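Please look over the sequence and the model shown here, and then follow the paragraphs below, which move from aromatic contacts to enclosed and open spaces and end with some backbone details.

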Amino acid sequence: MLKIDFHPTTVKKEKPEPSTLGFGKYFTDHMFIMEYNDQDGWHNARIEPFHYLTLHPAATVFHYGAEIFEGLKAYRTPDGTVQMFRPIENIRRMNNSAERLRLPQFSEEDGLQILDTFVRTEQDWVPSAPGTSLYLRPFLFGNDETLGVHSIHHAMFVLIASPVGSYYKEGINPVRIMIESEDVRAVRGGTGYTKCGGNYAASNRAGENAEKLGFSQVLWLDGVHRKYIEEVGAMNVMFRFGDEIATPALTGSILPGITRKSCIELLRADGWTVNERLISIDELEDSMKTGALTEAWGCGTAAVVSPIGELYYNGHSCIVGGGKIGEVTQKLYDTLTGIQWGRLPDVHGWIRKI
Ligand SMILES: *Cc1c(COP(=O)(O)O)cnc(C)c1O
């Protein structure tokens, strides 16, 4: 058992109006911090009033980008209890990310204890309006106080939480996606399969460009052939070709999403053929011409699923599924959100009650 000190805040903040929540604008009363060095391992675990971090200007994270993070939510169920969705998967993925960037890892037991303890402390902050939740953002970074480029001996782990609004305030509207053929997000052998901040920095230019042209996300192609579909923005992507559901295989440059994994498991349990495979842009274009592509959606913790209504590539646009949300997409959305918010039974053992 990790020893977690608790220093409660003396001034509690006012809770924001549920309708004004948005994403990541408000933060709860407390934060969790612990520190790492080679001699002591992880130590000084504590929950403190939410505050600014004071870091040495030479800290590794500012210069050499050693930073990883996670994203998961705590949900308020109809009977008022609070629960998380597959948190063990986030802890495992964080350790995988840490392994790649040579940041320190911690045990799954400690990870769960930290999440449980922190969410219990902040449970009044889990909103109850439809579609709202408490977004949890664990992050971990190198904190050596030297400009020397070397392996990491000091690190800090922090967990903050933000009450967030419903992603779909105006209903689930299919989004317009631009296929990106210049920039790439990640390459095999790089950090694409980790949740590291640098991957997002590398995505900024294409994202901004797409936004300027009126698209909400880019669809990434692989970095070597510029040919195979990878992800859509910061979500995994799935396609329905008639009776087949296809999603890009986890080749190393794709983030292994927990929503992706859950969709695959739900679809297979429903009898669908789900193939994790290479999907080329040529196949996608052909399937749009022949009408074989009937549904496309992104999936990730923030949106759960996000139907794709239009794909733009090489100067022309294709409407997918009549520009409306498809039946598989809708069913996945209803099932996943039903389990997450506790309206449906947790038959897969995905729920962790607080
Ligand atoms: C976080 C993330 C996803 C989605 O992962 P979930 O675990 O489903 O939230 C997909 N792609 C990228 C690049 C991500 O950072």
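Is Tyr167 buried, partly exposed or exposed? In this predicted model, Tyr167 has a relative accessible area of 45%, so the residue is partly exposed. Its partner in a ring pair is Tyr168, which counts as buried because its relative accessibility is 13%, and buried here means under 20%. The ring centres of Tyr167 and Tyr168 lie 5.0 Å apart with the planes at 75°, and the pair is therefore edge-to-face, since planes over 60 degrees apart are classed that way.

The whole structure holds 14 aromatic pairs according to the search. Another of edge-to-face type is formed by Tyr75 and Trp341, because their planes stand at 75° while the ring centres are 4.7 Å apart. This pair links distant parts of the chain, with Tyr75 placed in strand S5 and Trp341 in the loop between helix H7 (327-340) and strand S18 (351-353), 266 residues apart. Tyr75, with a relative accessible area of 2%, is buried, and Trp341 counts as buried too, at 10% relative accessibility. Elsewhere, one aromatic cluster is made up of Phe32, Tyr36, Trp42, Phe106 and Phe157.

Charged side chains also meet aromatic rings. The charged end of Lys13 is placed over the ring of Phe50, at 4.6 Å from the ring centre, and Arg176 lies over the face of Phe215, where the distance to the ring centre is 4.5 Å.

The enclosed spaces come next. How many cavities of 30 Å³ or more does the model contain? The count comes to three, and the largest cavity holds about 100 Å³ of space. Tyr75, already met in the pair with Trp341, is one of the residues that line this largest cavity, together with Gly71, Leu72, Lys73, Phe85, Asn90, Ile258, Thr259, Gly300, Thr301 and Gln340. Strand S5 (72-76) and helix H5 (258-269) are the elements that give two or more residues to this lining, and S5 gives the most, with three residues. By class, the lining of the largest cavity consists of four nonpolar, six polar and one charged residues. Domain 1 (5-165) and domain 2 (175-340) each contribute at least three residues to the lining of the largest cavity.

The second largest cavity contains about 70 Å³ of space. Its lining consists of Glu70, Leu72, Asn90, Ile91, Met94, Phe106, Gly111, Ile114, Leu115, Pro138 and Phe157. Leu72 and Asn90 are among the residues lining the largest cavity and are also among those lining the second largest, while Phe106 and Phe157 in the latter lining belong to the aromatic cluster described above. Helices H2 and H3 each supply at least two residues of the lining of the second largest cavity, and this lining divides into eight nonpolar, two polar and one charged residues.

Where does the largest pocket lie with respect to domain 1 and domain 2? Both domain 1 (5-165) and domain 2 (175-340) give residues to its lining, so the pocket lies between them. The volume of the largest pocket is about 870 Å³, and 37 residues line it, with Lys195, Tyr200, Gly233, Ala234 and Met235 lying nearest its centre. Two or more lining residues come from each of strand S7 (133-142), helix H4 (197-212), strand S10 (217-221), H5 and strand S15 (293-300), and H4 gives the most, with seven residues. The lining of the largest pocket is made up of 15 nonpolar, 15 polar and seven charged residues.

Some single residues complete the tour. Asn44, which is not a glycine, has a positive phi of about 55°; Asn44 lies in strand S3 (residues 41-49) and is partly exposed because its relative accessible area is 40%. Arg102 likewise has a positive phi, near 60°, in a residue other than glycine, and Arg102 is found in the loop between helix H2 (87-101) and helix H3 (108-121). At 55% relative accessibility, Arg102 counts as exposed. In helix H2 lies Asn95, a buried residue with a relative accessible area of 11%. From C-alpha to C-alpha, Asn95 and Arg260 are 19 Å apart in space, and they are 165 residues apart in sequence.

Terms used:
Residues are numbered from 1 along each chain as its sequence is written. This is a predicted model: local features need pLDDT of at least 70, side-chain atom pairs count only at pLDDT 80 or more; totals for chains, interfaces and linings use all residues. Side-chain values use heavy atoms; hydrogens and water are left out. Helices (H or I, at least four residues) and strands (E, at least two) are DSSP runs, numbered from the N terminus. Buried means under 20% relative accessible area, exposed over 50%, partly exposed in between (1.4 Å probe, protein chains only). On a 1 Å grid over the protein atoms alone, a cavity is a set of points where a 1.4 Å probe fits but cannot get out, and a pocket is an open set with protein on both sides within 12 Å along at least five of seven lines; lining residues have an atom within 4 Å of a point. Grid points are joined across faces, edges and corners, and a volume is the space filled by probe spheres set on the points. Ala, Val, Leu, Ile, Met, Phe, Trp, Tyr, Cys and Pro count as nonpolar, Asp, Glu, Lys and Arg as charged, and the others, Gly among them, as polar. Domain bounds come from an automatic or database domain assignment. Rings of Phe, Tyr and Trp (its six-membered ring) pair if their centres lie within 6.5 Å; planes under 30 degrees apart count as stacked, over 60 as edge-to-face and the rest as tilted. A charge sits over a ring if NZ of Lys or CZ of Arg is within 6 Å of the ring centre and within 35 degrees of the ring normal.
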